[in-house]
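Thanks for coming, everyone. Let me put the structure up and walk you through it.

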Amino acid sequence: MKSLIKIIYDVVVGLQFGDEGKGKIAQKLALIPGFYQVSARFNGGPNAGHTVIHEGKKLVLHVVPAGILAKLRVNFIGPGCVIDPVLLKKEVEEIQALGFDSKTIYLSELVHLITPYERVIDKKMNGALGTTGKGIGPTYAHKANRSGLRVSGFTKYINSPKVRESVKWDLYLEESRIYKDTYREESFDGLLFEEFEEWFDALVWLTENISVAKANFFLSDGEVHEIFTDRSDIRILAEGAQSVMLDNTYGTYPYVTSSNCLPSYAPVGLGLPGKAKKGRVIGVFKAYNTRVGSGPFDTELLDGSGDLICEAGKEFGSTTGRKRRIGWLDLPDLQYACELAGVDELYMTKVDVLSPGVTGSVSVCFSKGGGVATYKQFDAWDSSRIKRDTDITGSFRSFLDLVEEHLGILVGTVSNGPEVNDLVRTKPTPEGVGYVM
Ligand code: GDP
Ligand code: IMO
Ligand code: MG
């Protein structure tokens, strides 16, 4: 019998309403020398915006996992994702301009395609849910309805003008019917055929500039075994998009996204063999809380007092530029998210934002009994003095203690700036543990 490569996967997961800084943490972890061979995205699409800084340049990754910046051999966009070819082409062009090899990006042929029509339908829904308008919901709906378009089988025909024409008309008639049924309006404004030409061209461009991965990519007869002939095991860094509170099933439904965001979905959304081993779950949360779009937000600052935090934390959506709503850290919600996600270790980001110049005090909600939120208050802290574990003292130490006591999980690392190395270990790194820094 063929000897198979052993697969272990770690997952980075957001624990609030998205934008916790997952991209930066995934970038940092991917850079641990020799530790990961594969980085991967298992859910979501261009609704995600993961901001990373590479050699002083800011880059917003939407569907390409952050391992691309660490030159990992495989950077996989898994079957659980959806892509918009036009937006992915732009993203890959930016990555190429930074000098990275775009052929290490593997796009699963099982990924569903967002078409220009789905963008229109999503924008129509935008008012009620406050979606990103990128066509995510309608595309996952098509997938569930078995009427979606996948990368597979489609790309090789797309150069033929005849095929393009028939695809455009088929889609127009189908989407138009859905649009009329749902919104009782006649049809789209125009056929969007010009947008479709750009869309088809982008798809062709992608097949030439990135690698298309077969459905069995990680299985015994899949390409992974050809790529890693020199290894008996590989470790995957799975980078979650959105977050637990936006999960389609366990988040604040219906104010959620359309995919499953929990780490337990990672092996499904990547097509890993059932025997692949789960490694570590790394939970990421901000020292406060933000939400972009509609939906409940129990600890939201509704009196404008979050404006300074918004400004200091540059809390504007990475994908849509929308102003994020600001609130305090919500420990009961965080506890729920940690338990569902099975978090092994926590990373707390944006601790630098809560400085005395921005806010007089910092509150944390520790109970929501009977619908009433109860808070504990701390003095704001100056994180510029925190360079190592022994510098964690005073009100920041008490804040950290409260969080760890409440959750029963170590906050192993705090992040005090947007750069990849703006991180401080809160405890000395244990000997021989590669994945904590
Ligand atoms: P993601 O979607 O979870 O990857 O997060 P986003 O990229 O959407 O939003 C996080 C924002 O905060 C980005 O602009 C990051 O550059 C920035 N960021 C990450 N960590 C820190 C931090 O510790 N301090 C500050 N000030 N900014 C941070
Ligand atoms: P990252 O991965 C923050 C929010 C939208 C909206 C809801 C549904 O960067 O953390 P969708 O377009 O998915 O149908 O919108 O989910 N949302 C996000 N908020 N960060 C994200 O991704 C988000 N992706 C979706 O604002 O409320
Ligand atoms: Mg984001």
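Let's start at ligand 2. One of its oxygen atoms is 2.9 Å from a polar backbone atom of D19. Keep in mind that this is a predicted model. Now look at N47. There, a polar side-chain atom lies 2.9 Å from an oxygen atom of ligand 2. G49 uses its backbone instead: an N or O atom of that backbone lies 2.9 Å from a ligand 2 oxygen. How much of ligand 2 does the protein bury? Taken alone, ligand 2 exposes 540 Å², and the protein buries 98% of that.

Who else is around it? The shell of ligand 2 counts 21 residues. The closest are K22, H50, T132, Q242 and T257. By class, that shell has eight nonpolar, 10 polar and three charged residues.

On to ligand 1. This one is surrounded by 18 residues. G21, G49, T51, D352 and S415 come nearest. You have heard G49 already: its backbone also lies 2.9 Å from an oxygen atom of ligand 2.

Now the backbone contacts of ligand 1. An N or O atom in the backbone of G21 lies 2.8 Å from an oxygen atom of ligand 1. For K22, a polar backbone atom is 2.8 Å from a ligand 1 oxygen. And K22 is among the closest residues to ligand 2 as well. Then there is K350, with a backbone N or O atom 2.9 Å from an oxygen of ligand 1. On its own, ligand 1 has 590 Å² of accessible area, and the protein covers 92% of it.

Which elements build this shell? Helix α1, residues 22–30, and strand β3, residues 50–54, each supply at least two residues. α1 gives the most, with three. What about the classes in the shell of ligand 1? Two residues are nonpolar, nine are polar and seven are charged.

Next, two residues within strands. Take D10 in strand β1, which runs over residues 6–14. Is D10 buried or exposed? Its relative accessible area is 0%, so D10 is buried. Its side chain has partners. A polar contact of 2.5 Å joins it to the side chain of Y36. Another polar contact, at 2.9 Å, goes to the side chain of R235.

The second one is T349. Find T349 in strand β15, residues 345–349. Why does T349 count as buried? Because its relative accessibility is 4%, and the cut-off for buried is under 20%. The T349 side chain reaches the backbone oxygen of E20 at 2.6 Å.

Last stop, the surface. Please rotate the model to Y250. Together with Y336 and L340, Y250 forms a nonpolar patch. The three have about 260 Å² of accessible area together. L340 sits in helix α10, residues 331–341. Why is L340 called partly exposed? Because its relative accessible area is 31%, and partly exposed lies between the buried limit of 20% and the exposed limit of 50%.

Let me recap. The protein buries 98% of the area ligand 2 exposes alone. For ligand 1, the covered share is 92%. D10 is buried and has side-chain polar contacts with Y36 and R235. And out on the surface, there is the nonpolar patch of Y250, Y336 and L340.

Definitions and conventions. Residues numbered from 1 in each chain as written. Chains lettered and ligands numbered in written order. Predicted model: local features only at pLDDT ≥ 70, side-chain atom pairs only at ≥ 80, totals over all residues. Heavy atoms only, no water. Near = heavy atom within 4 Å. Polar contact = N/O pair within 3.5 Å; in protein donor to acceptor, adjacent residues only side chain to side chain. Areas by Shrake-Rupley, 256 points an atom, 1.4 Å probe, with all protein chains shown as cover. Nonpolar A, V, L, I, M, F, W, Y, C, P; charged D, E, K, R; others polar. Helix = DSSP H or I, 4+ residues; strand = E, 2+ residues; numbered from the N terminus. Patch = residues over 30% accessible without salt bridge, like charges linked within 9 Å, V, L, I, M, F, W, Y side chains within 5 Å. Salt bridge = Lys/Arg side-chain N within 4 Å of Asp/Glu carboxyl O. Buried < 20%, exposed > 50% of the residue type's maximum accessible area, 1.4 Å probe, protein only.
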